[in-house]
Amino acid sequence: MNAIEVENLRKEFKSYSSRSGLVGAFRDLFTRNYKIIRAVNDISFTVKQGEMVGYIGENGAGKSTTIKMLTGILTPTSGKVIVNGMNPHKEREAFVRTIGVVFGQRSQLWWDIAVQESFRLLKKVYRVSDKDYNEHMNHVIETLDIGPLLDKPVRKLSLGQRMRCELAAALIHNPPLLFLDEPTIGLDVLVKLKIRQFLKEINEKYNTTILLTTHDISDIEALCERVIMLDEGKIIYDGSLQKLKETWGEGKQIQFTFVSEMSLDTLKELTDGLQVTWKQGEQANVWTAHAPSALLPEVISRVVNCYSIQDLNINEISTEEIIRNIYEEGVVHG
Amino acid sequence: MDKYLEMIRIRFLMMLAYRTNYYTGILIYAINIAAYYFLWLAIYGGKQTMQGMSMEQMTTYVAISWMARAFYFNNIDREIAMEIREGNVATELIRPYSYLGMKTMQGLGEGIFRLLFLSLPGLFLVALFLPLRFPTDAHTWIFFILSIALSFVINSELNLLAGIVTFFTLNNEGLLRAKRFVIDLFSGLILPISFYPDWAQAVMKYFPFQGISYIPSMIVTESFQGQAIIDGLLFQFVWCALLIIPIRLLWRAAKKRLVVQGG
């Protein structure tokens, strides 16, 4: 069964622009200039039950807008959205019982009251029985280690503490589908790890579908097998993370730290005939060669034979770099 | 229903979270009542009655109007406006309840809290110093309770309407201020409707405002008798029902146009 089905989804906003100067301001009182901006431009994809999908894109690429349409907050301009077998806007109240949402940038807990009071209200709102609540939430509270935080008002929690509570709050009714909009924004490494581990666990335990937007690629690497990449409202890649790496991340990077400064020309001359590109690092004596794996020994031996080096590192090309390359070149693969 | 009761409880907790607000609240109500008492004392200037109300009735009218205001008054219009402006309305819409219903319940929780813990102590404080005369007839109290319940509904409906307008304008601080002033003035809180010139009274018959403060206060001071009470309650009831229509229409339009600001 598909948890999410999206077909030719589109969202347009009216964007008003102000005229300049005092006269312009007066004219704005009567008629305003606006242009139509297409935040999401005819996208289609499906997500199966139990999948963990990373939904990535630069700021303003349309990620949040998509999530808001999938959760029934925004009405699409056109296109079809079926989530958990329902139309999110038409059957809002029944629909939202089947999803959990965490917005990293805003709190869903009541600011002035203790966390457990928010939980209690949500338990009533989602009509969760005492038995289910105890069974499920005791486990969640323990795993996320938020037991000692429950009697504190939300405003007194740190960001990491609050985020863990938010996540627990989104799971009170144990929804089959979870939307996470930048859940790890601004969190330290330990909290991030804890949250990732927890998400993996509930995905395995309950076969929960998770759609995750983030700017932190390591989140995606840790959790998602599949990524959907968005640019200017269009999907530019939809497929496995592995394949993305294979297609784009072929080869290795070798970082040389030379004893003295180097110029691009000498290096190019050195590796003449080989399929190598050079990039300068932070200093004039640090250079990175990007070469196919097979040529690795050849490149290293040529460099080391001619120049003395201080240090040498061999790296796989990071996902982050792959994604940066894709955005820069704007090519669709996969 | 459970969840709505829980919401009222949460609102109690929220009101209690800020104790200073609570104590100053009592004081403000007492000061308001006292200030209006002295104002009316000067206006009466020894006269027995004005517009059919004795000074004693007027004192009670003032005290009761403010007490009732504690109950029907709420800030849900501002809260809706703020939630829209800051984009938090998004998190409200992903919950399986009616947003407007929940807001009304929050208003009710706030109203009950203020009535019990703010305005009753305030009234007690005032009764020590001012000559108040409360009715002894149980019927009057029953009509009064019914009437302030309807006041709450009318005022909350107006607040919802004003709040929903924010969906279209995104910032309507001016409108909310104006609305608050209009309600204080035309509901009979500051001046009983019977003191207005005839033409103004005739115009106000076509607006819901006197259903908010004037009618319950007139009932409890026993200035309304017999048929006048029934007419008053009927007037309130009709407005409660009528105001649902624009709320429904505007809410439907608002949801379509919803733009969640920020992120």
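Where in chain A does A:Asn174 lie? A:Asn174 is found in the loop that runs between helix H6 (159–170) and strand E6 (177–181) of chain A. It makes a good place to start a walk through this model, which is a predicted one. Most residues other than glycine have a negative phi. A:Asn174, although not a glycine, has a positive phi of about 45°. With a relative accessible area of 28%, A:Asn174 counts as partly exposed, because it falls between the 20% limit for buried and the 50% limit for exposed.

A second residue of chain A invites a look alongside it. A:Glu232 is not a glycine either, and its phi is positive, at about 45°. Its place is the loop between strand E8 (226–231) and strand E9 (234–240) of chain A. A:Glu232 has a relative accessibility of 65%, so it counts as exposed. One more positive phi turns up at A:Gly72, about 85° this time, just after helix H2 of chain A.

That brings us to H2 itself. Helix H2 of chain A covers residues 63–70 and is mostly covered, with eight of its eight residues buried. Among the buried residues of H2(A) are A:Lys63 and A:Lys68, along with A:Ser64, A:Thr65 and A:Thr66. A:Ile67, A:Met69 and A:Leu70 of H2(A) are buried too.

Another lysine to visit is A:Lys192, in helix H7 (residues 189–206) of chain A. Is A:Lys192 buried or exposed? Its relative accessibility is 18%, which means that A:Lys192 counts as buried, the limit being 20%. Leaving aside residues up to four places away in sequence, A:Lys192 touches A:Thr184 and A:Leu187, and also A:Asp216 and A:Asp219.

Now step back to see chain A as a whole. It contains twelve helices and 13 strands. Its C-alpha trace spans about 75 × 60 × 45 Å along the principal axes. Chain A has 334 residues, and 50% of them count as buried. If you take the contacts in chain A between residues at least 6 apart in sequence, 73% join residues at least 24 apart.

Next, the aromatic rings. Over all chains, the structure holds 20 aromatic pairs. One of them joins A:Phe256 and A:Phe258 in a stacked arrangement, with 5.8 Å from centre to centre and 25° between the planes. Both of these phenylalanines are buried. A:Phe256 also pairs with A:Trp278, and here the rings are tilted: the centres are 5.7 Å apart and the planes meet at 35°. A:Phe256 belongs to strand E10 (residues 252–258) and A:Trp278 to strand E11 (residues 277–280) of chain A, so this pair ties together parts that are 22 residues apart in sequence. A:Trp278 is buried, as is A:Phe256. The picture widens to one aromatic cluster formed by A:Phe256, A:Phe258, A:Trp278 and A:Tyr307.

Rings also meet charges in this model. In chain A, A:Lys123 lies over the face of A:Tyr133, at 5.8 Å from the ring centre. In chain B, B:Arg69 lies over the face of B:Phe73, and the distance to the ring centre is 4.4 Å.

The last stop is the place where the two chains meet. How many residues does the contact take from each chain? Chain B gives 33 residues and chain A gives 28 residues. The size of an interface is often given as the accessible area lost when the parts come together. Here chain B and chain A bury about 2800 Å² between them, and 58% of that is on carbon and sulfur atoms. On the side of chain B, the residues that lose the most area to chain A are B:Ile94, B:Arg95 and B:Pro96, together 25% of what that side buries.

Polar links join the chains as well. Between chain B and chain A there are three salt bridges. In one salt bridge, the side chains of B:Glu6 and A:Lys124 meet at 3.1 Å, N to O. The count of residue pairs in polar contact between the two chains, both at pLDDT 80 or more, is nine. Helix H1 (2–17), helix H5 (89–93), helix H6 (99–127) and helix H11 (227–257) of chain B each give two or more residues to the side that touches chain A. H1(B) supplies the largest share of that side, nine residues.

Technical notes:
Residues numbered from 1 in each chain as written. Chains lettered and ligands numbered in written order. Predicted model: local features only at pLDDT ≥ 70, side-chain atom pairs only at ≥ 80, totals over all residues. Heavy atoms only, no water. Phe/Tyr/Trp six-rings, centres within 6.5 Å; stacked < 30°, edge-to-face > 60°. Buried < 20%, exposed > 50% of the residue type's maximum accessible area, 1.4 Å probe, protein only. Helix = DSSP H or I, 4+ residues; strand = E, 2+ residues; numbered from the N terminus. Lys NZ or Arg CZ within 6 Å of the ring centre and 35° of its normal. Contact = heavy atoms within 4.5 Å. Buried area = accessible area lost by both parts, 1.4 Å probe. Salt bridge = Lys/Arg side-chain N within 4 Å of Asp/Glu carboxyl O. Polar contact = N/O pair within 3.5 Å; in protein donor to acceptor, adjacent residues only side chain to side chain.
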